[in-house]
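Hello,

Here is the structure I promised to pass on. Have a look at it first, and my notes on its charged side chains follow below.

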Amino acid sequence: MAQIHPVTLRWGIISTGGIASAFSKDLLVDPKTRNVNDIVHKIAAVGSRSVDKAQEFINHSLAGDKSIKAYGTYAEVYNDADVDVVYVATPHTYHYENSLDAIKAKKHVLCEKPVTSNRAELQSLLDAAKEAGVFFMEAMWTRFQPLSLEFKKLSDGGELGLPISVHADLSGNFRIYDIPKTHRILDPQLGGGALLDLGPYPLVWAIMALYENPANNATYPSITGSILKTPLTGVDCNTSFTLNFSQSNLLAAQAVLSCSINTDGLDPGVTVRYEKGSIRISAPIYCPKSFVVRYLDGRGVVVREEKRFFEYVGRGMHFQADEVARCIRDGLRESRLWGHEKSLLEMHIFDEVRKQGGYELPSGVEKVH
Ligand SMILES: NC(=O)c1ccc[n+]([C@@H]2O[C@H](COP(=O)([O-])OP(=O)(O)OC[C@H]3O[C@@H](n4cnc5c(N)ncnc54)[C@H](OP(=O)(O)O)[C@@H]3O)[C@@H](O)[C@H]2O)c1
């Protein structure tokens with residue numbers, strides 16, 4: 001049997017916040033624990049606005065690995081010849097400028113969700129990435145998890161018939177009356193609120209189940225959005241949006257999606273109903289570990305029920321990292337599973353929901369309109 005020579009991808013981590021730590025720890029998980037033998041991840045550098053914070057991050061999150069460089073500016077990471085790909089994990093409203101700087105330095109980029117503040121910023125980034133000839137992907141980690149891949153097989157496979165509806169919610173009780181108004185979830189300067197922070201997750205399930213369904217023929221949905229703002233800072237506190245996928249003539253299906261920052265999420269967090277059954281996905285919907293599939297007979301009676309469990313070592317953010325490594329190895333500029341058009345659709349939907357709900361970011365926050 002031919003020996004596989006794994007490809008090593010060298011990462012530069014931008015910022016030292018909560019999710020940068022979670023992602024970096026997942027990069028340290030041995031890929032063989034998830035049957036990945038063709039990829040090795042190496043963290044080459046960490047950039048922070050403070051070099052002490054960068055070093056502290058390496059000490060606490062990365063076992064003090066002395067081979068990892070600590071930088072007190074993000075620019076030093078972009079310009080480090082030992083970095084192949086930059087992971088951007090700053091607050092939403094910095095994603096555009098951080099990713100653009102990395103792209104200009106000819107680095108590949110994996111950028112946290114929501115990929116930008118609006119669609120125009122994303123389009124500008126994609127144009128820049130194309131010109132620089134680099135890979136760019138939004139860190140939509142849910143799309144790459146084993147459960148999602150199995151869900152897709154069932155959802156598109158035909159045994160359940162066509163999808164009819166998706167209900168999905170992601171909420172979290174951020175104790176908004178107890179946290180400072182400068183917290184990124186409350187601060188409009190940082191794109192605070194439920195939609196941009198939590199909205200990507202109910203949406204990703206609608207995209208997987210409906211937008212990606214072959215019968216939809218990649219047709220955009222019509223959008224209705226409703227926003228309830230918190231008087232604390234005016235960011236959206238409770239947001240719901242519906243997507244009607246009915247323009248392709250082959251599919252007539254509706255997604256009913258919601259997110260809140262002042263209450264806990266629902267469980268199951270996602271329910272997809274089909275002509276001949278349903279799939280109920282357990283919370284948390286960003287990395288669910290189980291789902292229940294129900295098959296119905298012609299009279300709507302449940303004839304079979306299956307519960308499926310998915311376990312792995314780590315938090316589950318490494319599956320997207322493997323995708324990035326393979327795409328870069330293969331010379332691709334975007335992911336096959338979470339390509340640019342899906343992030344563009346996401347930002348198009350969020351722009352429209354914010355417009356209908358009357359949530360405008362403060363002047364100057366959005367860098368491109
Ligand atoms: N994929 C997921 O499951 C997931 C989960 C949570 C969050 N996220 C996304 O990841 C991003 C970061 O979220 P987080 O929870 O990690 O946030 P966080 O803990 O507040 O960390 C953000 C980091 O960004 C840097 N930063 C740069 N400019 C900043 C500014 N003006 N204000 C505050 N911080 C600034 C800071 O690092 P330095 O001081 O070191 O520069 C800070 O530690 C958000 O866009 C969020 O949507 C994704």
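**Salt bridges in the model**

Arg 10 is a good place to start: with a relative accessibility of 28%, this residue counts as partly exposed. Please keep in mind that the model is predicted.

Which residues does Arg 10 pair with? Its side chain forms a salt bridge with that of Asp 84, at 2.8 Å from N to O. Because Arg 10 sits in strand β1 and Asp 84 in the loop between α3 and β4, this pair ties together parts that lie 74 residues apart in sequence. Arg 10 also meets Asp 82 in a salt bridge, here at 3.8 Å from N to O. That contact again links distant parts of the chain, 72 residues apart, running from strand β1 (residues 7-14) to the loop between α3 (74-78) and β4 (85-88). Asp 82 is partly exposed, at 35% relative accessible area.

These contacts belong to a wider group: a network of salt bridges links Arg 10, Lys 69, Asp 80, Asp 82 and Asp 84.

Elsewhere, Glu 212 and Arg 143 join their side chains in a salt bridge of 3.0 Å, N to O. Glu 212 is in the loop between α8 (200-211) and β8 (222-229), while Arg 143 is in the loop between β6 (136-138) and α6 (146-157), so their pairing ties together parts 69 residues apart in sequence. Are these two residues buried or exposed? Both Glu 212 and Arg 143 are buried.

For the overall count, the structure holds 22 salt bridges.

Best wishes

Methods: Residues are numbered from 1 along each chain as its sequence is written. This is a predicted model: local features need pLDDT of at least 70, side-chain atom pairs count only at pLDDT 80 or more; totals for chains, interfaces and linings use all residues. Side-chain values use heavy atoms; hydrogens and water are left out. A salt bridge is a side-chain nitrogen of Lys or Arg within 4 Å of a carboxyl oxygen of Asp or Glu. Helices (H or I, at least four residues) and strands (E, at least two) are DSSP runs, numbered from the N terminus. Buried means under 20% relative accessible area, exposed over 50%, partly exposed in between (1.4 Å probe, protein chains only).
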